[in-house]
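Trainee: Please take a close look at one part of this model for me. Start from one side chain and its surroundings, then go on to whatever else deserves attention.

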Amino acid sequence: MGLVFALLWLFTGFLQGVHGQGVYAPPSVRIVHSGQACNVEEERYSERVYTIREGETLELQCLVTGHPRPQIRWTKTAGGTSDRPGDSSVVNETLKIDKISRHQGGRYYCKADNGLGSPAIRSIRVDVYYLDDPVITIHQSVGESKEQFYFERTVFLRCVANSNPPVHYTWRRGREVLTQGSDSGVEIYEPFFTQGETKILKLKNLRPQDYADYTCISSVRNVCGIGDKSAHFGLSNKTAPPSIKLLLDDPLVVNHGETITLVCVASGGDPPPTLQWVRPGGEELPKRSIVKGGTLTIPGVTIDEGGAYSCMASNNVGNPAKKTANLLVRGLRKGRFWITPDPYHNDDNIQIGREVKISCQVEATPPEEMQFSWLKNGRPLRSSERMVITHTDTEVSPGTTNLDIIDLKFTDFGTYTCVASLRNGGSPEISIDVNISSTTVPPELSVPRGRSHLIAQEGDTVDLQCLVSGKPKPIILWSRVEESGAAAAAAAPALMPDGSPQIESYDGVLRISNVTRDMSGTYRCQTSQYNGFNVKPREALIQLVVQFPPVVEPVYTEIRQALGRAFSLTCRLLRAHPARLLRYEWKLGSRLLTMGQFSDQQDDTNYQVKALNREGYGEYTCDITNEAGAGRCTFLVTGKAYPPEFYYDTYSALWQNRPRVYGFKLQWTQMEPNAVDRILAYRLGIRQMSQSRWWEQEIPMEGNIQKGELLTYNLTELVKPESYLIRLTPITRYGEGDATERIITYSGMMFYPYGEFQCGFEDEALCLFSQDKTDVFDWTRHSAATRDTKYTPNTGPSSDHNGSKQGFYMYIETSRPRLEGDKARLLSPTFNMNTKNSAPSVANSPTYCFAFYYHMYGKHIGALNVLLRQKGQTVTDTSVLNLIGNQGDRWRQAKVNIRPTAAFQMVIEGVRGAGIEGDIAIDDVTIEEGECKDPPPNNLRSLAPPSSPHIWQLCVTLSLALIGQQR
């Protein structure tokens, strides 16, 4: 195949330069759709609404123009925030969301940016349609609610279904359809402010015939193919709201590790209610829990799993029933103590003859089972006149007990033990020993000599240490000191390296691993007021300074230069610590160029190259150093040419279209051509996508290439329908530059059969029809199902030509601000001629039949004109068809023979009449080889030249028919 391909593939090229900057253009963008849309609507103020059914696939394509090729970004905006569309994929500028859900509806934006001018942004609103199953709930009027629904009571049946668009409800009693007024005992209405979200069936003074089976049917009228859904409810004299009871103690007190069971049963309700267990605030049930109906089992319960558990029952009658039980898991935790010296003397020390208080605190569940006892030297201690034992209220948590020693004596020295336990057991007791002696002294805090100001380098491990004395030895609390000043006051509180506001230390050491510059600052160590003396905390400060190497820019940059030119390299210092005694050193590879020291006011260093030679190419480095290390700027100086920029907006890129092969017009510009030496040639590589072998050829270049100059090379004999990968590499005397690749894909399926063009405007791309930019207003693509007839009720079609309300057509909207005589022109794609005569004329040119359907109904109809636009040495417009006035409320067909002698377009011109009832529509346009057959009778005037028996094959080239995809 490779040999065959080599024989088939020929390069016949010409190079043409379009000089100037005009080829560079800012981006433009439009959004087209594919996939499974129900409808696409153009609203009055150019807002586009794309309707899709939930669960289908959303596919939106962003079509862009502009050079260089714009970069595409899709975003979704909801609630004022912009983010990337979730659960989606973006491939080749196409946004695709599989199984779209309702929360993915909203406004989607396509943004195209190529650095020229402002980015181009277009949006489309995606409306996701859905219909959930309806739910019927039953209520009685306030003040009449009983356990059962007796006679002479008013009953409300409420039907609710979530939907988009708004749902339409229908009520049935048995097989009977209920409507407002059909039964004097029935009233159907929507509550105020519900906006169609619910429908209520009111049964006034309940009658025997009202006991029946009711059906609520919810419908969105089959929009997007969404079928109706229904819910059923049987109303009887037994119908009653749910009631429940709990078969357990409340609160339920259990021991840690036990398996507990909470049982909830329904004590009433018809239909039988469903039961579920929940926790307040949406908290999840324990992971090990087992729920079976109204029974909740928690094996090996822990103290953290205690709390409130609620049983809820619902049967859609009245309000759900709810009862809550409290689960208490016995346990003790967080034991603490503190010693308080005599509060009546300004002295933190314990002294003979003065008072001292020992306090002990423990958290308990349940708190009322908490009990304390005291021991002295292991023996029970009872409250007395000098040894006063008090306890806080058992309902207060955590529980606290105090031992007040009045008039401390030498014989009172010893070890006092506070013992906390639960009255009914179930948890190990907590014992806290406190020694009172002549050596029991309040804490003192200090920083070791030379350790109050620490200097570390980034990445080191540093220990901050505070020495603490005293007995008992307290816990040390570490925190950061916030800097003073207005800026610091507005900043968030300084956090410790682990992200917490405070860290406990039992040995007085705070270790920080892998220290960073953000950890510089002042740290405070202070004694805690628990597990020690209850006195004013002692504290000390330590200053930590983290040194780091210089931060410089640019870290890496590439500089492209031609031989013989002068240039300068600059390395800038952003920050460093310490910022003194900074040195710099310039090198090319390993060769030292220059070195020196920064002055106090200097923040950059430069290196000048006066005339670049071949030895001057390479990697230049600048190292700026301080005590902590070095920061490096790297400059790669090269003579490589920048990559070419493929031009994707080529007019008629498919320039050759024969039965088995096609040609492609490859166009590009050169990025920054004057930055390096003159480009001598381009190496063109081409590979068939289904093969691995590359074919290459050099394209020589004469003279200098200007910035913005458009270069063209025609590729011929490309095999249909294969796609090709194209690689283009510039070459200078330095060598090869950066290459650019793109994919060209043949897409010739616009014609079926070969030689015929058809367009029903069903696709948003409009079969490559375009709006004339020189007219007054535009044609609009619409379907009868979405067209707004509010302002023009007596004009325009009620369906497309085939009778479908969902089908699309093009029409002109003649409402305000349009004025009489305003014109809108629609341009067909360009069709190229391919005759056997090198200079075709009317006598030997082929004949084609141009046909379309039109709808011209309304008392203010203007005119519909068709022109043949030929693109020879000059562009000429020839009128070939003219329709004037009201043609009736139906679609008619027009046919006319045309005989172009050059590349041509068809121009369809709509002219606004004297009023707003003058909409004109067209549909199903065809261009067919040969003369028209059986032209329909109408009042049009054909201005086409006379027919000829000679018919040649129509060779069509569509601009944009070939989609280039950049890899």
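Mentor: Start at arginine 818. Neighbours within four places in sequence set aside, arginine 818 is in contact with Val776, Phe777, Glu813 and Arg912. Keep in mind that this is a predicted model. Arginine 818 sits in a loop, with β66 (808-812) on one side and β67 (823-827) on the other. Is arginine 818 buried or exposed? Arginine 818 has a relative accessible area of 19%. Buried means under 20%, so arginine 818 counts as buried. The side chain of arginine 818 also makes a polar contact of 3.5 Å with the side chain of aspartate 822.

Now the cysteines. How many disulfides does the structure hold? There are seven. A disulfide is a covalent bond between the sulfur atoms of two cysteines. Take three of the seven.

One of them joins cysteine 62 to cysteine 110, with an S to S distance of 1.6 Å. Its S-S torsion is about -95°, so this disulfide is left-handed. Cysteine 62 belongs to strand β5 (residues 58-67), and cysteine 110 belongs to strand β10 (residues 106-113). The pair therefore ties together parts 48 residues apart in sequence. Cysteine 62 is buried, at 0% relative accessibility. Cysteine 110 is buried too, at 0%.

Next comes the disulfide of cysteine 466 and cysteine 525, with the sulfur atoms 1.9 Å apart. The torsion about this S-S bond is about -85°, so the disulfide is left-handed. The bond links distant parts of the chain, 59 residues apart. Cysteine 466 is in the loop between β39 (462-465) and β40 (467-471). Cysteine 525 is in strand β44 (residues 521-527). Cysteine 466 and cysteine 525 are both buried.

Then look at cysteine 849 and cysteine 932, joined by a disulfide at 2.0 Å from S to S. Here the torsion is about 105°, so the disulfide is right-handed. Cysteine 849 lies in strand β68 (residues 848-856). Cysteine 932 lies in the loop between β73 (920-929) and β74 (963-965). So this pair ties together parts that are 83 residues apart in sequence. Cysteine 849 is buried, as is cysteine 932.

Why does cysteine 622 have no bond to cysteine 571? Cysteine 571 holds the closest cysteine sulfur to that of cysteine 622, but the distance is 3.8 Å, too far for a bond. A disulfide needs the sulfur atoms within 2.5 Å. Cysteine 622 is itself buried, because its relative accessibility is 0%.

Finish with a sheet. Strands of a sheet pair through backbone hydrogen bonds, either parallel or antiparallel. This one is open and has four strands, in the order β12-β13-β18-β17, with antiparallel pairing. Its edge strands are β12 (135-140) and β17 (186-189), each paired on one side only. Neighbouring strands are turned by 20° against each other on average, direction ignored. Look at the pairing of β13 (residues 155-160) with β18 (residues 198-203). The two run antiparallel, and six bridges join them. Across this pairing, cysteine 159 stands opposite lysine 199 in β18.

Note on methods: Residues are numbered from 1 along each chain as its sequence is written. This is a predicted model: local features need pLDDT of at least 70, side-chain atom pairs count only at pLDDT 80 or more; totals for chains, interfaces and linings use all residues. Side-chain values use heavy atoms; hydrogens and water are left out. Two strands pair if DSSP finds at least two bridges between them. Axes are lines fitted to C-alpha atoms, for helices over the stretch in contact, and angles run from 0 to 180 degrees between N-to-C directions. Buried means under 20% relative accessible area, exposed over 50%, partly exposed in between (1.4 Å probe, protein chains only). A polar contact is a pair of N or O atoms within 3.5 Å; within protein, one must be able to donate a hydrogen and the other to accept it, and residues adjacent in sequence count only if both atoms are side-chain atoms. Contact means heavy atoms within 4.5 Å.
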